[in-house]
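Work through the exercises below with the model open beside you. Try each task before reading its solution.

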Amino acid sequence: MSRPKTVRSLRDRFAIGASLIPPVALLMIASRAGWVPGSPRVYLAAMPVVLGLGMLFPTLAEPWHRRFSRMRSWLGGRLVFLLLLGVYGVAVVPLAFLMRLFGKRPLDVSRSGSSWVQSKGYGSLRDPF
Amino acid sequence: MRYVLGISGLYHDSAAALLGDGRILAAVQEERLSRRKNDARFPERSIRSCLDQAGITAVDLEAVAFYEKPILKFSRTLEVFLGWAPRGGRAFARAIPDWLGGRLDLRGRIRSALPGLRSECPILFTTHHEAHAASAFLASPFPEAAILTVDGVGEWATTAIARGIGAQIEPLEEIHFPHSLGLLYSAFTAYCGFRVNSGEYKLMGLAPYGEPRWVETLLEEVISLHEDGSFRLNLEYLDPLAEDHLTNARFHERFGGPPRRPDKPLEKRHLDLARSIQGVTERALLGLARRAHKQTGSAHLCLAGGVALNCVANGRILREGPFQKLWIQPAAGDAGAALGAALAAWHGPLERGGLAAPRTPTASDSMGGGFLGPEESPEAVEASLKRLDAVWERLDAEALHERVVEALIAGKVVGWVQGRMEFGPRALGHRSILGDPRSPDMQSRMNLKVKFRESFRPFAPAVLAERSAEFFGLSGESPYMLLVAPVDHAQRIPVASEAEGLDRLKQVRSTLPAVTHVDGSARVQTVDPERNPQFHALLKRFEARTGCPVLINTSFNVRGEPVVGSAEDSYRCFINSQIDVLAVGPCYLERERQPHAALPRSFEAIPD
Amino acid sequence: MWSLLRDFARFLGREKKWWLAPLILILLLIGAVVVFSSSSAVAPFLYPFL
């Protein structure tokens, strides 16, 4: 059985090639610190080369690209999580305390009295609010 | 023809619905096509299916309506966090990415999903409860009615009363988050070890096995019911921001332990809790129904929202409530809100951006029996079966019915896939598993061997509408299986001694043991020849042979699987369960003659 | 994106909830960066930096 030939768009090829750049960039940083041989310039020059190779032979670089993408999205998710945790600490919590200071309570948590609220109408269908 | 598309989703149960000149042409829930239960992704498959069923493309649409106001809901989410801070940081960091990733810019999302959509075609937004109210009233047979919608939460409203007249809906009163019956019921669902947004049925099915010994505690400490029908939750016991369960440590201490893990056995405590929360919910709903009656003075009530799927409570509203007639949207959950959004846009007044079409209610209702999904031609069915190497006989309707009735009488379990797929959570005789209700061991057998689910889960009877009064104490019809009614006394068999808890399951209580719940009730589906001709004909034939006009009707799926959609889904499910016979379109298949012992399943199993 | 911002502004004006504005702006900004960096055509360019 012959494998079906995958047709890749230029954009996909570029993405696959580009995923080879970060390891080279890491090597460049390492060479600056003197941990690996060679000058940073060589690594800099190697970047377009690996990009080109990745674009020319996408099938070879694909497994790496897949793993790299997974790692990147995992890392991205963690970063956004931490970022939002930070926003909660510096924006939401202070705003919440300020509101309480001014006697504004977004949630009606009292336990007595009717909880019926007069309807304000449905609003315009054109507006998403 | 003028077409309006309605869309719901992104939280749970995504769906799409299509109107043509105001008639409901198609409505499909995403899970049936994607094979992922309660699928919450943007309903691209359902949209395509609706357009295909009508033979149109996005170019032909005159309006698209979404069932919520995303900006209002987003701001409510932020305000809830502001009210909850400094707690809730983790929940915030988990919830916000979904919003930023595409729940906010719905216009953009809808346009990119419908590339042919004309730029002048408006994208409209109803509120969550407006969509529910529209799905309940505008599809109902009533020219005017009180409308009660109850669910977890939409934008702010969790409960709403409105009045429907002609094509217009006038909102009257609301109860706002965090005071929510749906949320409370879901909290107990999670606490008893079931999955929120789908395990609520199980809690309701479990309730009759328990004692209502927590009712007073609940009413004193967790929810207060007021004279005017409104209610308030005590937030000291609940944690609406917790992700896996909605209850907190104080709740767990008060109700005798930590939440049940799904793999741990059910204890008496859980049965009692189920019974108690069910009782409180029924009482609250009766109060709301009385309020709706008082505010509108109408003799008719329309119900929708997830809580309206609580058919035990619905039965009590009909029997004990102040209304003469009750109509419940069969897709009462969020899937039905896709239909509601489309209807609200079609009939909505011009100044609000609607299409201002008049409405003429029909004597039954405008749901087409609930059969609004796709249907495969006999040729397509045979092509699918051929691809799967199945062995089948093609029969005419007469012979097919005869063979199926033979099998049922012989105690066999039959998979029955005919006509258009149902819209809404219940299988109504188009994607059903059928069995003989007179057999005492049928409930356990179908639960454990066929559907691989808990033995306590009850089954529903489908009964010829013209003979339902002989068997069930039901005034009027129940074509959508949304009402629980007592089994008639003439059919009851006294039980010698009461067993305890789940042991009560084994006792025979009526001439229809497989569909009689332990409390002597049944979730009835009345089958009439107008809405459901083929299923009616099958029941007629079963009645002619046995004298019994009732069949067990349960949805065609196994635990964790959405109800089957296509012939292929049904064949896979047939092979992988212990269903004896499959009747799909004109094709008749017997288990012993199939070459497979098992087939790869086509769905993503969702754990309970 | 601009229509979304305009909707937010009209919403805050109607409901008189201007105190929500800074929070919404911060979150929309984060959202824009995340969406831009993961799904746009420039994503590959950002690989070495993000």
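The exercises that follow concern a predicted model.

**Exercise 1. Confidence in chain A**

Task: Find where confidence is lowest and where it is highest in chain A.

Solution.
- Step 1. Start with the whole chain. Chain A averages a pLDDT of 87, and 95% of the residues score at least 70.
- Step 2. Go to the elements. Helix α1 (residues 10–18) of chain A has the lowest confidence, with a mean of 84. Strand β1 (residues 116–118) of chain A has the highest, at 96.

**Exercise 2. The contact of chains A and B**

Task: Describe the side of chain A that touches chain B, then find the strand of chain B that pairs with β1(A).

Solution.
- Step 1. Count the residues. Chain A brings 31 residues to the contact and chain B brings 44.
- Step 2. Assign the chain A side to elements. Two or more residues come from each of α4 (58–101) and β1 of chain A. The top contributor is α4(A), with 11 residues.
- Step 3. Sort that side by class. It has 19 nonpolar, seven polar and five charged residues.
- Step 4. Look for strand pairing. β1(A) pairs with strand β8 (residues 168–176) of chain B, antiparallel, over three bridges.
- Step 5. Check one position. A:Gln118 faces B:Glu173 in β8(B).

**Exercise 3. The contact of chains B and C**

Task: State how many residues of chain B and of chain C are in contact, and place the chain B side on its elements.

Solution.
- Step 1. Nine residues of chain B meet 13 residues of chain C.
- Step 2. On the chain B side, α3 (70–84) and α4 (89–103) of chain B are the elements that give two or more residues.
- Step 3. By class, the chain B side has five nonpolar, two polar and two charged residues.

**Exercise 4. Domains of chain B**

Task: Divide chain B into domains and describe how domain 1 meets domain 3.

Solution.
- Step 1. Take the bounds from the domain assignment. Domain 1 of chain B covers 1–67 + 69–125 + 334–366, domain 2 covers 140–332, and domain 3 covers 378–593.
- Step 2. Place the centres. The C-alpha centres of domain 1 and domain 3 of chain B are 33 Å apart.
- Step 3. Count the contact. Domain 1 of chain B gives 10 residues and domain 3 of chain B gives 10 residues.
- Step 4. Trace the domain 1 side. β3 (23–29) and α1 (30–34) of chain B each supply at least two of its residues.
- Step 5. Sort that side of domain 1. Three residues are nonpolar, three polar and four charged.

**Exercise 5. Strands β1 to β3 of chain B**

Task: Follow the pairing of β2(B) with β1(B) and with β3(B), and explain why β2(B) is largely enclosed.

Solution.
- Step 1. Pair β2(B) with strand β1 (residues 3–8) of chain B. They are antiparallel, with six bridges. B:Ser8 stands opposite B:Ala15 in β2(B).
- Step 2. Inspect the connection. This hairpin has six residues between its strands, and B:Gly9 there takes a positive phi near 140 degrees.
- Step 3. Turn to β3(B). β2(B) pairs with β3(B), antiparallel, over six bridges. B:Gly20 has B:Arg23 in β3(B) as its bridge partner.
- Step 4. Inspect the second turn. Two residues lie between β2(B) and β3(B), and B:Asp21 in the turn has a positive phi of about 50 degrees.
- Step 5. Judge burial. In strand β2 (residues 15–20) of chain B, five of the six residues are buried, so the rest of the structure largely encloses this strand.

**Exercise 6. B:Ala54**

Task: Is B:Ala54 buried or partly exposed? Which residues does B:Ala54 contact beyond its sequence neighbours?

Solution.
- Step 1. Locate B:Ala54. It lies in helix α2 (residues 44–54) of chain B.
- Step 2. Apply the cut-off. Burial needs 20 or more other C-beta atoms within 10 Å. B:Ala54 has 17, so B:Ala54 is partly exposed.
- Step 3. List the contacts. Neighbours within four places set aside, B:Ala54 touches B:Tyr3, B:Leu18, B:Gly20, B:Leu25 and B:Ala26.

**Exercise 7. The nine-stranded sheet**

Task: Identify the edge strands of the open sheet in chain B.

Solution.
- Step 1. Write the order: β13-β21-β20-β14-β15-β19-β16-β18-β17 (chain B), with mixed pairing.
- Step 2. Read the ends. β13 (393–394) and β17 (483–486) of chain B each have a single partner strand, so one side of each lacks a neighbour in the sheet.

How values were computed. Residues numbered from 1 in each chain as written. Chains lettered and ligands numbered in written order. Predicted model: local features only at pLDDT ≥ 70, side-chain atom pairs only at ≥ 80, totals over all residues. Domains from an automatic or database assignment. Contact = placed C-beta atoms within 7 Å. Helix = DSSP H or I, 4+ residues; strand = E, 2+ residues; numbered from the N terminus. Nonpolar A, V, L, I, M, F, W, Y, C, P; charged D, E, K, R; others polar. pLDDT = per-residue confidence, 0-100. Pairing = 2+ DSSP bridges. Buried ≥ 20, exposed ≤ 12 C-beta atoms within 10 Å, placed from the backbone.
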